[in-house]
Structure formats: C-alpha cells, structure tokens
Amino acid sequence: MAWLERTGLATWTRESGSIWAYPTILTLHTVGLAMVVGANAVIDLRLLGFAPRLPVPSLGPLFRIVWWAFGLNAVTGVVLFMSDATIKARQPVFYVKLTIIGLALWNTALVRRAVIREPALPESQTSRHGRRLAITSLLLWAGAITAGRLMAYL
C-alpha cells in the first residue's frame with residue numbers, strides 16, 4: 001500500500017494545491033454517487049408504489065445511468081484510495097463499504113432482470129418481489145453512503 005501511495009498520481013492527488021487534484025476527484029466521486037443512488041431511488045420508489053401511472057419498464061434507461069455513474073465512481077474511488085492507501089486499507093469500514101456496494105449492485109442487477117426485463121410476470125408477483133428488492137436497495141445504498149462517510153472519521 002505504501003508503494004501505491006507513493007505513485008505519481010496518488011502523490012499529485014494528495015499533495016497538489018490545484019483544484020484539479022483532490023477537490024475535483026472528490027467532487028466527481030460525489031456526483032457519481034448521487035447519480036447511482038438517485039437513479040436507483042427513482043426505480044425503488046416506483047416499485048414501492050409512487051407514481052403508479054409510470055410504467056415500470058419505462059425506467060429501463062435509468063440503468064445506463066447507474067452503470068455509467070458507477071464506472072465514474074470506481075475510477076475516482078480508486079484514485080482517492082491511492083492517495084491514502086496505507087490508512088484506508090487498514091479501516092474495516094472500508095471493506096464494509098465495498099461489500100455493501102457489491103451487494104447493492106447485485107440487487108440492482110436483480111431489479112433489472114426481475115422487474116424491468118421480465119414485465120410479463122403477474123402484477124402481484126412483480127409488486128411483491130419488486131417491493132422487497134426496492135427496500136433492500138434503499139437500505140444497501142444508505143449503508144454504503146454511511147460507511148463511506150464513516151471512513152473520514154474512523
């Protein structure tokens with residue numbers, strides 16, 4: 001981890017006084033998170049019964065936003081990790097955060113497969129299954145955000 005932290009990119013990110021270094025990378029990470037969680041929240045709230053006249057399959061394009069924004073978060077997250085790798089790698093909350101994110105993304109894939117791609121399921125089954133997935137999604141993303149914020153303090 002010390003080697004990773006000494007790389008040119010990590011050093012520049014951590015030590016540069018430029019607004020293009022740490023502040024911009026952190027801002028892009030935050031924007032990516034807002035897009036991932038925001039798009040998931042729209043889908044989840046619809047599955048929980050909000051905006052009932054909006055057909056669930058019409059939310060399919062939001063998944064492109066989720067995956068694009070997750071890509072942005074993955075790249076910026078790696079750079080942020082590199083800038084403080086020796087500390088972050090020793091934080092159990094970092095691994096909790098990564099685990100929760102993995103579970104949340106798996107849940108997102110389940111939502112897409114079970115609710116968006118297979119709208120032929122009976123409405124009652126889609127609703128029951130969709131509600132469970134939506135609640136799980138909201139809880140997982142809240143957990144990921146909380147774990148991410150705790151990294152700054154633990």
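Let's start with Arg14, which at 34% relative accessibility counts as partly exposed. Keep in mind as we go that this is a predicted model. Arg14 has a partner right beside it in the chain: Glu15 forms a salt bridge with Arg14, and their closest N and O atoms are 3.5 Å apart. Glu15 itself counts as exposed, because its relative accessibility is 56% and the cut-off for exposed is over 50%. As a reminder, side chains of opposite charge can pair when their charged atoms come close.

How many salt bridges does the structure hold? There are two. The other one brings together the side chains of Lys88 and Asp84, at 3.9 Å from N to O. Here is a detail I enjoyed: Lys88 counts as buried, at 16% relative accessibility. Its partner Asp84 is partly exposed, with a relative accessible area of 26%.

Now back to helix α2, which covers residues 8-15 and is where we find Leu9. Leu9 is partly exposed, with 40% relative accessibility. Together with Trp12, Ile19 and Trp20, Leu9 makes a nonpolar surface patch of about 470 Å². Please remember Leu9, since we will meet this residue again in a moment.

Next, helix α4, residues 62-83. Does its length match what we would expect, or not? With 22 residues at 1.5 Å each, the helix should span 32 Å, and its end C-alpha atoms are 31 Å apart, so the two agree.

Which residues of α4 are buried? The list runs Leu62, Phe63, Val66, Ala69, Leu72, Asn73, Thr76, Val79, Leu80, Phe81, Met82 and Ser83. As for what covers them, the elements include α1 (2-6), α2, α3 (22-47), α5 (85-88) and α6 (92-116).

Let me pick one residue from that list. Val79 lies in helix α4 and counts as buried, at 11% relative accessibility. What does Val79 touch, leaving aside its neighbours within four places in sequence? It is in contact with Leu9, Thr13 and Ile25. So there is Leu9 again, the residue that is also part of the nonpolar surface patch. The contact with Ile25 joins residues 54 apart along the chain, and their C-alpha atoms are separated by 7.8 Å.

On to the aromatics. A search of the whole structure finds three aromatic pairs. In one of them, the rings of Trp67 and Phe70 have their centres 6.5 Å apart and their planes at 85°, so this pair is edge-to-face. Both residues sit in helix α4, three residues apart, which means that about one helical turn separates them. Trp67 is partly exposed, with a relative accessible area of 34%, and Phe70 is partly exposed too, at 28%.

Then there are Phe94 and Tyr95, with ring centres 5.2 Å apart and planes at 75°, so that pair is edge-to-face as well. Are these two buried or exposed? Phe94 counts as buried, at 11% relative accessibility, whereas Tyr95 is partly exposed, at 42%. Phe94 and Tyr95 also belong to one aromatic cluster with Phe81, and Phe81 is among the buried residues of α4.

Two more residues before I stop. Arg46 is in helix α3, and despite its charged side chain, Arg46 counts as buried, at 13% relative accessibility. Which residues is Arg46 in contact with, beyond its neighbours within four places in sequence? They are Ala51, Pro52, Leu54, Val56 and Leu59.

And finally Trp106, which is found in helix α6. Is Trp106 buried or exposed? Trp106 is exposed, with a relative accessible area of 55%. Trp106 and Ser137 are 31 residues apart in sequence, and their C-alpha atoms are 9.5 Å apart in space.

If you would like to follow along on the structure, I suggest starting with Val79, which is buried and in contact with Leu9, Thr13 and Ile25. Thanks, everyone, and I'm happy to take questions.

Note on methods. Residues numbered from 1 in each chain as written. Predicted model: local features only at pLDDT ≥ 70, side-chain atom pairs only at ≥ 80, totals over all residues. Heavy atoms only, no water. Patch = residues over 30% accessible without salt bridge, like charges linked within 9 Å, V, L, I, M, F, W, Y side chains within 5 Å. Areas by Shrake-Rupley, 256 points an atom, 1.4 Å probe, with all protein chains shown as cover. Salt bridge = Lys/Arg side-chain N within 4 Å of Asp/Glu carboxyl O. Helix = DSSP H or I, 4+ residues; strand = E, 2+ residues; numbered from the N terminus. Buried < 20%, exposed > 50% of the residue type's maximum accessible area, 1.4 Å probe, protein only. Expected span 1.5 Å × (residues − 1). Contact = heavy atoms within 4.5 Å. Phe/Tyr/Trp six-rings, centres within 6.5 Å; stacked < 30°, edge-to-face > 60°.
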